[in-house]
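Please find below a colleague's note on this model, set out as numbered points. The points take up charged pairs, packing and surface in turn.

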Amino acid sequence: DAEKAGAELANEQYRSGTTDRLAQAQQHLAYAETYKAAVEARREAVEKREALNRLLNLSGEQTGWGLPDRLPELPTERPVFADLETFAVVNSVEAYTGRASRDQIASGAHLRSKVREAYHRMLAAYDIARFQRDTVVPLTETALGELQLNYNAMLLDVYELLDATREQIEAGKEYVSTLADFWIAHAG
């Protein structure tokens with residue numbers, strides 16, 4: 001909505017002679033990029049939903065499941081799981097079949113490696129999400145606040161303020177994405 005308003009404002013300013021054709025075109029390009037990003041986000045959401053439906057073998061009315069409006073908050077501390085390799089091996093399909101064959105031993109080593117890799121992927125996702133939440137998002141809020149003060153003092157134009165707003169929105173979007181990555185890795 002902000003990008004659309006910026007493009008409409010650029011049209012009015014161009015008609016009144018207070019901005020040039022270049023500034024008008026730049027605002028329309030920013031709106032076009034935002035529009036395309038929104039369409040891509042909807043497409044990606046459908047793809048991920050359908051991938052999950054396939055993974056869970058859902059069809060028909062079963063695909064009408066819903067998600068909460070928000071992801072759970074990031075835990076205050078990095079998750080720690082003791083002895084994941086043993087848990088994975090003890091609870092694997094091979095453990096229920098009895099005596100281990102050479103293939104099962106190799107499979108167990110592979111499983112342990114996958115568990116270690118998944119655990120480190122989850123920890124990395126946690127660290128990135130925490131950094132985004134605690135550092136990047138607050139910095140964009142500070143920058144936007146400072147730019148708002150400069151705009152109020154007529155030291156910059158509305159388009160610079162719109163750019164800062166866009167950056168703040170992107171930082172928030174990136175945080176949600178990194179938070180989702182953490183919870184996906186945590187579930188794995």
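1. R166 has a relative accessible area of 23% and is therefore classed as partly exposed. The model is a predicted one, and this arginine is a suitable place to begin reading it. R166 forms a salt bridge with E3, with 2.3 Å between the closest N and O atoms. E3, at 7% relative accessibility, counts as buried. The bridge thus pairs a buried glutamate with a partly exposed arginine.

2. What does the pairing of E3 and R166 tie together? E3 belongs to helix α1 (residues 2-16) and R166 to helix α6 (residues 158-187), so the salt bridge links parts that lie 163 residues apart in sequence.

3. A second salt bridge joins E12 and R15, whose closest N and O atoms are 2.4 Å apart. Both residues are in helix α1, and because they are 3 residues apart, about one helical turn separates them. E12 is partly exposed at 46% relative accessibility, whereas R15 is exposed, its relative accessible area being 60%.

4. D134 and R133 also meet through their side chains in a salt bridge, at 2.7 Å from N to O. Each partner counts as partly exposed: D134 has a relative accessibility of 42%, and R133 one of 27%. Elsewhere, E3, D163 and R166 are joined into one network by salt bridges that share partners. The count of salt bridges comes to 13, and the pairs described in this note are among them. In general terms, oppositely charged side chains can pair when their charged atoms come close.

5. N11 is a further residue of helix α1. Is N11 buried or exposed? With a relative accessible area of 17%, N11 is buried, because the limit for that class is under 20%. Leaving aside residues up to four places away in sequence, N11 touches Q24 and H28.

6. Q132 lies in helix α5 (residues 102-152) and counts as buried at 10% relative accessibility. Which residues does Q132 touch, not counting those up to four places away in sequence? They are V137, P138, A171, E174, Y175 and T178. Of these contacts, A171, E174, Y175 and T178 fall within the range of helix α6, residues 158-187.

7. The largest nonpolar core has 13 residues, and the members that touch the most others are L74, M122, Y175 and F182. At least two residues of this core come from each of α5 and α6. Helix α5 provides the largest share, 7 residues. Y175, named above as a contact of Q132, is one of the core members with the most contacts to other members.

8. The surroundings of M122 add detail to this picture. When residues up to four places away in sequence are not counted, M122 touches P79, F81, F182, A185 and H186. Among these, F182 is also one of the four residues listed for touching the most other core members.

9. The surface deserves a separate remark. L52, L55 and L56 make a nonpolar patch of about 300 Å². Of the three, L55 is placed in helix α2 (residues 21-55). L55 has a relative accessible area of 65% and is therefore exposed.

10. Two residues may be set side by side in closing. Q132 is buried at 10% relative accessibility, whereas L55 is exposed at 65%. The former lies in helix α5 and the latter in helix α2.

Note on methods
Residues numbered from 1 in each chain as written. Predicted model: local features only at pLDDT ≥ 70, side-chain atom pairs only at ≥ 80, totals over all residues. Heavy atoms only, no water. Salt bridge = Lys/Arg side-chain N within 4 Å of Asp/Glu carboxyl O. Helix = DSSP H or I, 4+ residues; strand = E, 2+ residues; numbered from the N terminus. Buried < 20%, exposed > 50% of the residue type's maximum accessible area, 1.4 Å probe, protein only. Patch = residues over 30% accessible without salt bridge, like charges linked within 9 Å, V, L, I, M, F, W, Y side chains within 5 Å. Areas by Shrake-Rupley, 256 points an atom, 1.4 Å probe, with all protein chains shown as cover. Contact = heavy atoms within 4.5 Å. Core = buried A, V, L, I, M, F, W, Y, C linked by side-chain atoms within 4.5 Å.
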